[in-house]
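Me: Got a minute to go through this one with me? I'd like to start with the ligand site and then look at the domains.

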Amino acid sequence: MNMFYKQTSEEAMRTLGVSDKGLNDLEIKKLREKQGFNELTEGARKSNLQVFLEQFKDFLVVILLGAALISAFLGKFESTLVIIVVVVINAILGTVQHVKAEQSLKSLKALSSPTAKVLRNGQKLEIPSRELLIGDILYLDAGDYVSADGRIIENYSLQINESSLTGESESVLKTTDIINEDNVAIGDKKNIVFSGSFVTYGRALILVTSIGMETELGKIANLLETAKEKKTPLQVNLDNFGKKLAFVILAISALIFALNVFRGYAIIDSFMFAVSLAVAAIPEALSSIVTIVLAIGTQKMSRENAVVRKLHAVESLGSISVICSDKTGTLTQNKMTVQKVYVDEKVLSHDELDHDKLLEKNLVLMALLCNDAITVKDKEIGDPTEVALVNLGEVYDLDELDIRKDYPRVSEVPFDSDRKLMSTANKLEEKTFMITKGALDVLLLRSISIVTSSGVKTLTANDKKEIERVNKEFSESGLRVLAFAYKEIENEKTIGIEDENDLIFVGLISMMDPPRIESATAVADCIRSGIKPVMITGDHKITASAIAKQIGILTNESVAIEGYEIDSLSDEELKTKVEHISVYARVSPEHKIRIVRAWQERGNIVAMTGDGVNDAPALKQADIGIAMGITGTEVAKDAASIVLMDDNFSTIVKAISNGRSIYSNIKNSIKFLLSGNTAAVISVLYTSLAALPMPFAPVHLLFINLVTDSLPAIAIGLEPHNKNIMNEKPRDINSPILNKSFSIEVLIEGLIIALGTMTAFHIGLSTGDTLASSTMAFATLCFSRLLHGFNSRSQQSIFKIGVFSNKYLWIATILGYLLLEFVLSFKPLMGVFEVAPLTINQRAIVYGLSLMPLILIQTYKLLFVKANK
Ligand code: ATP
């Protein structure tokens, strides 16, 4: 390990030859060539060829290839060829699906990949963390992930959680001081930050000293589990179901093999048939169809600003019954403008502020100094609350950067949403003043005096009452209020939380943060679809209630409470009351966890939004943690399952609607696969038990498997989303996808298709031509299964959802039909596929019977299925 911890920050900068403007373009170019990127080497990805070869690992494919080999020995080269072609095409399809799904999941990951703020060419900018270089100057704020190792060069109360490296969950207080010892353990290197840790408090400037595999994290990276996307609960369920189903089908195939041998068919033919039946009937594509539909669905969601970080979230989205949402920025626009000011015992509007009144000017000065936001060239950087204050400075032609130069900040206690205060110590000529701003209720408790134009006097109960009255008046019109106070402190003093008392109250600044236009509609959508929207905010109860009423969250039947009231409730009491509480104000992150738990214990599936570092536990506790993409900290994003790129509440509602549709599409696509396969099994079972000739040649089954399986199933998975899906209630998370009604539908639909197929077979048989009869059965099964895709699109009739609205299914069906026609009519193939030329009448029968399931099922849906189901 480098010895940067033994050097002063200046020495460290010199060692790496870095100026205080950060790296410049030329250096970046050179260093990039030398250092590469800041990433941990992942385990080598599988090549496409490897993926392709893996498709042959499947037990059935191996048996099939064995059968092909036996056929070749027996001189049946045509069968061998067909089997090999089918297996290879299947493997190609499997590979394409796998690679596509991987690619889209990868691009999804890239969307939520971490960023870092650096100083380069004298300018602060945000770059992807993988572009960090040794020598970069990195800014760290509360909630940031540290993405490289580095020496601290400026420190403002920085506290870091290093548990991923040291196992220690307490945050470590950092320093810039040098450590003059050898062999210092990681946990004791207080002037170094390490990749993989995160900032819980304060801020700092860091000189990056190691990146990628050279970091302490990189050295143990091979010990860490490589982050592999786990299968979702639905995939695991389907895998288990698939295994059981495979067992049943293998048993049926064995039975049919035995029956056929018993009837005197050649063992090899019986074997080929049994294997082909198993291949055709076992829905090996189940889990991969889920992956591909999820992958494509999540891409759509990310285009609509909801980036899914954990795939299993998509499945649970449809079951959400409660959304606990932040107010500021999520339900409101987070565009704040100062409206009214209270100073010197007067309420003034923004443009009544007077240049010549010292106290009014001082309040604005304080607002600019106890503030980290900047506005440069019309660009606003920082917390919107603070940006609004910077904009207030314009009234006085005060530029925040000039002011901050004139009254330099010597120390600070950063804002945090638990304390709801922020303080800075600024030098004013010979003296130093501490300025504190924050929530009035907190600040008033810490103030002992008040300043008016007649000087500083003791803060009386009457003064407090009056201030609180003004605060209430502001809050009732939905304004967010910040209070300001100050006191003189000793020069050179480093201030801390303990200094935030004995303050002199100066005034209030209130600002408007209007609700987002779309919030009210989104809230109404939630309520209609059985989802309870709840507002959880750090803001004042009256302000929060005013906004909550405007958008429909707070109604006559529900109430608003404050964080301290939660403290006085036991878990059991909260659980009983939670149903009627729509707004939680002055809440700290710990309260969020209790609220989530209370809802969960009532059997709800809860989504919770969050942005701060302290929100991470609540985001993890929620069934779906949702982090803010714009204002959220890296830590919150990391803990969340979904990141909202636009911080907008209505995006959550859209995501839920997408989640519901994706789930229903997956269900339909599984139903399509299973009902089609059931039809094949019923047909074969029927003929075997009824001692009829075999209805299909093995190649028929393989062909059907190839043409009617994955492509239409994927097309059904891509069904355009049902606009009425938000009229339904949330899905019960515990009800399995393959429930009783689902199984009954699969059986009935399978039976109807089998009925058509067997009718075609019997009609063929009646002419005494077994080849023609099996050709008719094969063509009917294949074609009716293709057409059955349209039945599987929705519970509704296609005439209600639009016959042509799923173009993918049309493409898959037409392609399948053309292939079928090719096999049925193209002379050289007819021999290979063991089909007889069909007469016009026979064709008409095949088409008619193939249409029968479509007509029957559609008529049923038109007549008996209610709208919006
Ligand atoms: P939400 O949780 O809905 O996002 P919020 O943004 O109002 O709500 P916090 O950011 O936790 O919640 O703010 C809580 C309170 O702290 C505010 O009502 C305000 O009084 C005070 N506050 C907010 N920002 C600052 C700041 N930058 N400096 C000082 N005090 C602040």
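Reply: Sure. One term up front: a polar contact here is a pair of N or O atoms within 3.5 Å. Also, this is a predicted model.

Me: OK. Which polar side-chain atom lies 2.9 Å from an oxygen atom of the ligand?

Reply: One of Asp539. The protein covers 92% of the 610 Å² of accessible area that the ligand has on its own.

Me: And what does the backbone do? Which residue has a polar backbone atom 2.6 Å from a ligand oxygen?

Reply: Lys327. Gly538 also takes part through its backbone: an N or O atom there is 3.3 Å from an oxygen of the ligand.

Me: How many residues surround the ligand, and which are the closest?

Reply: There are 20 around the ligand. The closest are Lys327, Thr328, Arg480, Thr537 and Asp539.

Me: What's the make-up of that shell by class?

Reply: Nine charged residues, six nonpolar and five polar.

Me: Which strands each supply at least two shell residues?

Reply: β16, spanning 431-438, and β19, spanning 479-489. The largest share comes from β19, with three residues.

Me: Which domains each give the shell at least three residues?

Reply: Domain 3 (319-333 + 516-647) and domain 4 (337-512).

Me: Switching topic. What's the full domain assignment?

Reply: The protein chain is assigned four segments of this kind: domain 1 (4-42 + 113-223), domain 2 (232-299 + 656-864), domain 3 (319-333 + 516-647) and domain 4 (337-512).

Me: Take domain 1 and domain 4. How far apart are their C-alpha centres?

Reply: 34 Å. The contact takes five residues from domain 1 and seven from domain 4.

Me: How much area do domain 1 and domain 4 bury between them?

Reply: About 440 Å², with 49% of it on carbon and sulfur atoms.

Me: Why quote an area for that?

Reply: Because the size of an interface is often given as the accessible area lost when the parts come together.

Me: Which residues in domain 1 lose the most area to domain 4?

Reply: Tyr156, Tyr201 and Arg203. Together they make up 77% of what the domain 1 side buries.

Definitions and conventions:
Residues are numbered from 1 along each chain as its sequence is written. This is a predicted model: local features need pLDDT of at least 70, side-chain atom pairs count only at pLDDT 80 or more; totals for chains, interfaces and linings use all residues. Side-chain values use heavy atoms; hydrogens and water are left out. A residue is near a molecule or strand if one of its heavy atoms lies within 4 Å of it. A polar contact is a pair of N or O atoms within 3.5 Å; within protein, one must be able to donate a hydrogen and the other to accept it, and residues adjacent in sequence count only if both atoms are side-chain atoms. Accessible areas come from the Shrake-Rupley method with a 1.4 Å probe; for residues, only the protein chains shown count as cover. Helices (H or I, at least four residues) and strands (E, at least two) are DSSP runs, numbered from the N terminus. Ala, Val, Leu, Ile, Met, Phe, Trp, Tyr, Cys and Pro count as nonpolar, Asp, Glu, Lys and Arg as charged, and the others, Gly among them, as polar. Domain bounds come from an automatic or database domain assignment. Contact means heavy atoms within 4.5 Å. Buried area is the accessible area (1.4 Å probe) that two parts lose on being put together, summed over both.
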